[in-house]
Amino acid sequence: MGHRLNFMINDSPAPGSEPSAAAARPSLFSSFWMGGFESACHINRKGRRLDMLAATQHDRFADGDYARLRQVGISSVRDTVRWHLVEQAGGSFDFSSMDVLFDAAERHGIQVVWDLCHYGWPDGLDIFEPAFIDRFARFCREVARHVRERTDAVPLYTPVNEISFFAWAAGEVGWFYPHAHHRGGDVKRQLIRACIAAIEAIWDVDPRARMVTVEPLIHVVPPKKRPDLLPQATAYSNSQFEAWDMLSGALAPELGGNPRYLDVLGVNFYHDNQWEHPGGRKIHWHIHPRDSRWVPFHKLLKGAYERYRRPIFVGETSHVGSGRAEWLREMTEELILAIDAGVPVEAVCLYPIIDRFEWEDPSHWHNSGLWDFTLNDRQEFVRVLNHEYAAELWHSQFKLAQKGYGTPPPFAIESLEAESRG
């Protein structure tokens with residue numbers, strides 16, 4: 001059932017006093033503001049297969065989720081094709097789990113950037129074996145064929161999500177299956193091979209397809225009392241570019257990289273993306289006065305753009321709890337600074353757009369979405385709008401629209417209709 005969620009913003013512009021928005025610049029994405037649905041499906045340290053789309057019931061309530069996004073001016077999303085569900089025993093493919101999302105997206109005019117490997121793969125497949133690459137390429141080819149049969153729109157794919165983090169978590173510290181240690185380099189190279197094979201398989205079916213490669217944007221420094229460790233920390237920082245450099249062939253050309261594989265770049269940035277090395281101590285964003293070693297996001301974004309000169313967008317960003325609105329406010333100001341410095345930002349994705357729990361602890365919810373959850377008597381997660389975050393989104397949409405990035409918010413700040421299942 002639906003219900004009205006009302007909130008007032010004291011400093012919203014008076015009706016008729018708003019300056020005219022600049023004409024929206026063309027973009028690869030249908031809306032400058034995007035929503036991302038937490039889609040991890042790896043096997044965690046407890047040996048449990050995650051399926052975050054099912055756990056948050058997005059796979060059940062995609063229609064309502066997409067409808068709510070349209071109400072707040074979002075028509076482009078990051079969502080996932082779950083490889084472990086689609087590929088069946090014997091090598092057949094069942095796209096019913098994907099079509100639930102596809103159907104809802106078509107009903108609501110939602111553009112989807114499809115993740116194809118979000119940390120997980122089918123049981124019984126060894127990531128270190130050549131068969132991993134072959135099966136992934138075949139899966140991606142079949143996805144591309146399925147999409148091509150359903151729509152004439154130019155598709156966007158992320159073959160492998162966050163190769164750098166993926167390799168570290170699965171191959172270096174044992175967080176993800178196969179829980180390897182000190183083999184992060186091996187995993188990264190295998191993921192690069194798989195990504196290249198996937199891109200070629202997709203392009204063989206649909207040469208129009210755009211490839212979106214998404215990586216964390218980080219900044220690493222030495223401990224304050226160890227300036228001698230600056231070279232080591234700097235090397236760690238620079239490692240964030242290895243995956244893109246490998247895909248382009250600038251690094252490890254034996255893997256088969258080529259500049260054409262770097263198409264659209266997504267940078268993921270959270271409050272804990274800056275830390276000390278060695279030791280891993282975070283440079284806290286929320287403590288003021290802020291540590292002087294913290295580098296503002298617009299400078300990191302500008303550095304990434306100037307390194308590759310490719311279309312670039314913020315692939316993931318958000319904060320938790322009461323800090324959500326403050327984080328979005330600062331990110332908006334940082335985006336404006338980046339734009340003013342010449343970075344042609346394509347979009348920014350609020351990730352997750354609905355709440356999620358900790359991968360290792362399903363009882364620990366992050367409270368990081370534009371919508372939180374309550375549980376009804378049918379054990380369904382009712383989406384509950386976070387008013388403060390929604391209000392800040394309104395302001396952020398308004399500010400960026402003045403610069404031609406996106407359009408003015410479509411909803412009145414005094415009253416927002418949100419359909420919830422109750």
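1. Let me start with the lining of the largest pocket in this predicted model. By class, that lining holds 15 nonpolar, 17 polar and 12 charged residues. The pocket has a volume of about 1400 Å³, and 44 residues line it. If you want to find its centre on screen, go to F165, W168, W175, D272 and N273, the lining residues that lie nearest to it.

2. Where does the largest share of that lining come from? Helix α6 provides it, with 5 residues. Both α6 (163–172) and α7 (184–205) give at least two residues each to the lining of the largest pocket, and that takes us to how these helices pack.

3. The axes of α6 and α7 come within 8 Å and cross at roughly 135°. That makes α6 oblique to α7, and the crossing is right-handed. On the α6 side, the contact is made by I163, S164, F166, A167, G171 and E172. Across from them, α7 brings G184, G185, V187, K188, L191, I192 and C195. Sorted by class, the residues of this contact come out as 7 nonpolar, 4 polar and 2 charged.

4. Now the second largest pocket, with about 220 Å³ of space. Of the 13 residues that line it, I110, Q111, V112, T151 and A153 are the closest to its centre. At least two lining residues come from α4 (96–108), and at least two from β4 (111–115). What classes do the lining residues fall into? There are 10 nonpolar, 2 polar and 1 charged.

5. Helix α4 also has a partner in α2 (residues 58–71): the two axes come within 9 Å and cross at roughly 20°. Angles under 35 degrees count as roughly parallel, so α2 and α4 are roughly parallel to each other. The crossing is right-handed. From α2, the contact takes in H58, D59, A62, D63, Y66, A67 and R70; from α4, it takes in V100, L101, A104, A105, R107 and H108. By class, that gives 7 nonpolar, 2 polar and 4 charged residues for the contact of α2 with α4.

6. Next, a look at α10 and α11. How do the axes of α10 (residues 297–308) and α11 (residues 324–340) cross? They come within 8 Å, at an angle of roughly 45°. That makes α10 oblique to α11. This crossing is right-handed. F297, H298 and L301 are the α10 residues in the contact, and they meet M331, E334, L335, L337 and A338 in α11. The residues of this contact divide into 6 nonpolar, 1 polar and 1 charged.

7. Some of those names come back in the cavity. The structure holds 1 cavity of 30 Å³ or more, and the volume of the largest cavity is about 40 Å³. Its lining is made up of F269, W285, W294, F297, W327, E330, M331 and E334. F297 of α10 is in this lining and also in the contact with α11; M331 and E334 of α11 likewise line the cavity and take part in the contact with α10. Helix α11 supplies the largest share of the cavity lining, 4 residues. By class, the cavity lining has 6 nonpolar residues, no polar ones and 2 charged.

8. A few backbone spots deserve a look. Most residues other than glycine have a negative phi, and most peptide bonds are trans. Which residues does a cis peptide bond join, with omega about 5°? They are H277 and P278. The peptide bond from H288 to P289 is cis as well, with omega near 0°. P278 sits in the loop between β9 (274–276) and α10, and P289 lies in the loop between β9 and α10 too.

9. One last backbone point concerns Y119. Its phi is near 80°, a positive value in a residue other than glycine. Y119 is found in the loop between β4 and α5 (130–150), and β4 is the strand that also supplies at least two residues to the lining of the second largest pocket.

Conventions:
Residues are numbered from 1 along each chain as its sequence is written. This is a predicted model: local features need pLDDT of at least 70, side-chain atom pairs count only at pLDDT 80 or more; totals for chains, interfaces and linings use all residues. Side-chain values use heavy atoms; hydrogens and water are left out. Axes are lines fitted to C-alpha atoms, for helices over the stretch in contact, and angles run from 0 to 180 degrees between N-to-C directions. Angles under 35 degrees count as roughly parallel, over 145 as roughly antiparallel, 65 to 115 as roughly perpendicular and the rest as oblique. A crossing is left-handed if the near helix is turned anticlockwise from the far one by less than a right angle, and right-handed if clockwise. Contact means heavy atoms within 4.5 Å. Ala, Val, Leu, Ile, Met, Phe, Trp, Tyr, Cys and Pro count as nonpolar, Asp, Glu, Lys and Arg as charged, and the others, Gly among them, as polar. On a 1 Å grid over the protein atoms alone, a cavity is a set of points where a 1.4 Å probe fits but cannot get out, and a pocket is an open set with protein on both sides within 12 Å along at least five of seven lines; lining residues have an atom within 4 Å of a point. Grid points are joined across faces, edges and corners, and a volume is the space filled by probe spheres set on the points.
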